[in-house]
Amino acid sequence: MAEVSIIVPVYQVEKYIRQCVDSILAQTFTDFELILVDDGSKDRSGQICDEYAAMDRRVKVIHKENGGLSDARNRGMDQAAGNYFMFIDSDDYIAPTMLECLYKNILIEDADLAICNFLYLFENDRKKDFSTSMKSEVLCAKEIFYNRKNERCYGIWTVAWNKLYKKEVFGKLRFRFGKYHEDEFWANDIYQLDIKIVTIPECLYYYRQRDNSIMGKKSAARNLDIIEALQERIYIYLKKPEYADQAYKVLVFSLEYLEESKRLKTNEAEEKRFIQSENRTKDILKQLRKTKLPIMKGLSLVFMEINPCLVFRVGMKFRGLLERFL
């Protein structure tokens, strides 16, 4: 039985899958199984996965009907045999030492979760640091969720794929089926656990930016899903009055998606979901008005409650000024 299970959801990536799999098979830490979940690909991705399974006994392939990224990751978790597991997206790739580095640190610190930094990778092979402020630290989940989750580099904490997970702790969790921005929901779940986390500042994961990627396409459905995840986070903050400021930050962040959803919705179902999201926004505003926020933030809530989307549009025109006060 392998020590680590590496789960790679695969869908329509014949152009990139070889670079991804090759980077995994070239890891300096070799005690792993690689689970390739072909999520109903219509190109040659599934065939390429089978070719790797024939060449390397560590590679296992699951072929399934298309169910989305969450479903593919969940299927991989169902089959994972290792004591630890990690996710890699099939159009990305990793440094040769990524697995060794995460595994070594998680053992040294007796941690439940190891997190590394990553680089943006553009089509012209240009790379860009995502975050240069990440430090080598040992943290608890509450410190991240309540004090760091909403920093500018919060994606480090949110994405599922720059991490090594202890199966004993996370093995029963599952991604929310049928959701876009599934990592936001996943992060809400993992940081509510009583866990120990070690962070690694090295950029060991290469996150490809594609013009035709799912995440690059705007739609009301995608926006409404991320609003749902953000509002879920806000309601957790509102349970503790001392975290009203964090709730406010996430609320303001969510208004961009709410305003955009208003313009992008195209059918009755999206209209209904938009109204639900808007009503939850107004409920959050009412709850925040009862908290002890600074005067300027409290005053802004009064205007937001009248028309959240309109206030956001006006606010964007005076963004620099508002950021100084809010």
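**Exercise 1. Work out how many helices and strands the chain has, and how its size compares with the globule rule.**

Solution. Start with the count: in this predicted model, the chain holds 14 helices and 10 strands. Next, take the radius of gyration, which is 21 Å. The globule rule gives 20 Å for 326 residues, and the two values are close, so the chain is as compact as a globular protein of that length. For the outer dimensions, look at the C-alpha trace, which spans about 65 × 45 × 35 Å along its principal axes.

**Exercise 2. Find what share of the residues is buried, and what share of the contacts links residues 24 or more positions apart.**

Solution. Count a residue as buried when its relative accessible area is under 20%. That gives 52% of the 326 residues. Now keep just the contacts with a separation of 6 or more: residues 24 or more positions apart account for 80% of them. As for the surface, the chain exposes about 15900 Å², and carbon and sulfur atoms supply 50% of that area.

**Exercise 3. Decide which residues of helix H12 are buried and which exposed residues sit on the face turned away from them.**

Solution. Walk along H12, residues 295-306, and pick out the buried ones: Lys 297, Ser 300, Leu 301, Met 304 and Glu 305. They cover an arc of only 140° around the axis, so they lie on the same side of H12. The spacing makes sense, because an α-helix has 3.6 residues a turn and residues three or four places apart point the same way. Finally, flip to the face turned away from the buried side: Ile 295 and Ile 306 are the exposed residues there.

Technical notes:
Residues numbered from 1 in each chain as written. Predicted model: local features only at pLDDT ≥ 70, side-chain atom pairs only at ≥ 80, totals over all residues. Heavy atoms only, no water. Helix = DSSP H or I, 4+ residues; strand = E, 2+ residues; numbered from the N terminus. Rg over C-alpha atoms; globule rule 2.2 N^0.38 Å. Buried < 20%, exposed > 50% of the residue type's maximum accessible area, 1.4 Å probe, protein only. Contact = heavy atoms within 4.5 Å. Areas by Shrake-Rupley, 256 points an atom, 1.4 Å probe, with all protein chains shown as cover. Arc of directions from axis to C-beta.
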